[in-house]
Amino acid sequence: MKETQKETVDCNELITFEEYSNLPPEERREWSRFNDKYEKIPLWCKIALSVAAVSIILYIVICLSPAFADFFNEYVGGTFRFLFAQITNVLPFSLAEACLMLIPVFLFLIIRYVWKYRCNTRRSTLVTLVCIFSVVSMFFSSFVLTFAAGYRGRKLDEKLGLEAEEIDKTDLYNSAEYLVGKINELTPSITYDAQGFSVMPYSFKEMNDKLIEAYDLFSENHDFINNFYSRLKPVMLSEAMSYAHITGIYTFFTGESNLNISFPDYTIPYTAAHELAHQRGIAREDEANMMAFLVCIESDDAYIRYCAYVNMYEY
């Protein structure tokens, strides 16, 4: 009787993933390169999941303690918002918008890669799912570390030392009358087009710089606002945003203030100030509106003040 010798694979040679998948478990262990690549959770996933676990704990504490939320929003969140903004400041376009536009391409490439290389064994499929979950967890972590605390801290009226009171029709009328008076004061210095809309008398970048200066003036007397230079991002898909009635959006995971530039000129400085407020930790929408108004009327520029009064009057 002849003895049959079991063929073994030379581990010094290269093999395909399909060949690796067909190897017996005892031989597969010898191919550590494939084992590390396909059947072990990558280090970056472990780090991402660990950060997410810490973020969950932080979020719970933030929800339970407004004082901690204010501290976290100003110092920790403020640091991350600043870093994200400085990283994306170098780009003349919106990184968030570019990622959104490339989602179909990303999905196609990821699905193709996963189907072809990462789902040949049960364990590699599980590792792939862990990797996908890790990516999702990174968005959650970035939300907690940059923006979440702004929703749980003290409200803006408390920070400004104001008392919330019930208002009646007379108060609304007096407020509207005051705003109309301010608009009429500034009207002679405003240029209008043939359709009766005001025209912004400078470039987008000049507007950006004027708003940062206005925030500098406001932050001198209000220490809960950490001001810094940031680059407003005009959105290429502004017309599509207009159909959804979106004038602007702050993307916390890129630190960008994105603006719809298809709306009338008088809305753009006010919307820009609103998105800059988000970038500085004012998370609630109504508070970002109020912050935009307060900052714009601090400006030395007549058109920015005019935009503030007109937008507030429309509200």
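Select R284 and E287 first: R284 is buried, and so is E287. The two form a salt bridge, with the closest N and O atoms 3.2 Å apart. The model on screen is a predicted one.

Elsewhere, pick out D70, R154 and K159, which are joined into one network by salt bridges that share partners. In total, the structure holds six salt bridges.

**The pair E256 and K233**

Next, show the side chains of E256 and K233. They form a salt bridge whose closest N and O atoms are 2.7 Å apart. This pair links distant parts of the chain: E256 belongs to strand β3 (residues 256–259) and K233 to strand β1 (residues 233–234), 23 residues apart. Both E256 and K233 are buried.

**The pair D301 and K210**

Now move to D301 and K210. Their salt bridge has its closest N and O atoms 3.7 Å apart. D301 sits in the loop between α14 (285–298) and α15 (302–314), while K210 is in helix α11 (residues 204–219), so the pair ties together parts that are 91 residues apart in sequence. Is each partner buried or partly exposed? D301 has a relative accessible area of 14%, under the 20% limit, so it counts as buried. K210, with a relative accessible area of 26%, is partly exposed.

**Helix α11**

Stay with K210 and select the whole of α11. Its 16 residues should span 22 Å at 1.5 Å a residue, and the end C-alpha atoms are 23 Å apart, which agrees. Colour M207, N208, L211, I212, A214, Y215, F218 and S219, the buried residues of α11. Looking down the axis of α11, these buried residues fall within an arc of 160°, so they line one face of the helix. An α-helix has 3.6 residues a turn, so residues three or four places apart point the same way.

What covers this buried face? Display β3, α13 (268–279), α14 and α15, which are included in the cover over the buried residues of α11. Strand β3 is also where E256 was found.

**N289 in helix α14**

From the cover of α11, go to α14 and select N289, which lies in this helix. N289 is buried, with a relative accessible area of 15%. Which residues are in contact with N289, leaving aside its neighbours within four places in sequence? Show Y270, H274, M312 and Y315: these are its contacts beyond that range.

**Helix α4**

Turn to helix α4 (residues 43–64). At 1.5 Å a residue its 22 residues should span 32 Å, and the end C-alpha atoms are 32 Å apart, which agrees. Select C45, A48, A52, S55 and I62, the buried residues of α4. Seen down the axis of α4, they fall within an arc of 95°, so they line one face of the helix.

Add α5 (66–89) and α8 (122–146) to the view; what covers the buried residues of α4 includes both. Then rotate to the face of α4 turned away from its buried side, where the exposed residues L43, I57 and L64 are carried.

One more residue in this helix is worth a click: I47 lies in α4. With a relative accessible area of 47%, I47 is partly exposed. Draw a distance from I47 to M138: their C-alpha atoms are separated by 9.8 Å, although the two are 91 residues apart along the chain.

**A nonpolar surface patch**

Switch to a surface view and select L102, V105, F106, F108, L109 and I110. These residues form a nonpolar patch on the surface, with about 570 Å² of accessible area together. Within the patch, I110 lies in helix α7 (residues 103–118). I110 counts as partly exposed, at 47% relative accessibility.

**The whole chain**

Finally, clear the selection and view the chain as a cartoon. There are 15 helices and three strands. Of the 315 residues in the chain, buried residues make up 40%. The accessible surface comes to about 18800 Å², and 62% of that belongs to carbon and sulfur atoms. Among contacts between residues at least 6 apart in sequence, 67% join residues at least 24 apart.

Note on methods: Residues numbered from 1 in each chain as written. Predicted model: local features only at pLDDT ≥ 70, side-chain atom pairs only at ≥ 80, totals over all residues. Heavy atoms only, no water. Helix = DSSP H or I, 4+ residues; strand = E, 2+ residues; numbered from the N terminus. Buried < 20%, exposed > 50% of the residue type's maximum accessible area, 1.4 Å probe, protein only. Contact = heavy atoms within 4.5 Å. Areas by Shrake-Rupley, 256 points an atom, 1.4 Å probe, with all protein chains shown as cover. Expected span 1.5 Å × (residues − 1). Arc of directions from axis to C-beta. Salt bridge = Lys/Arg side-chain N within 4 Å of Asp/Glu carboxyl O. Patch = residues over 30% accessible without salt bridge, like charges linked within 9 Å, V, L, I, M, F, W, Y side chains within 5 Å.
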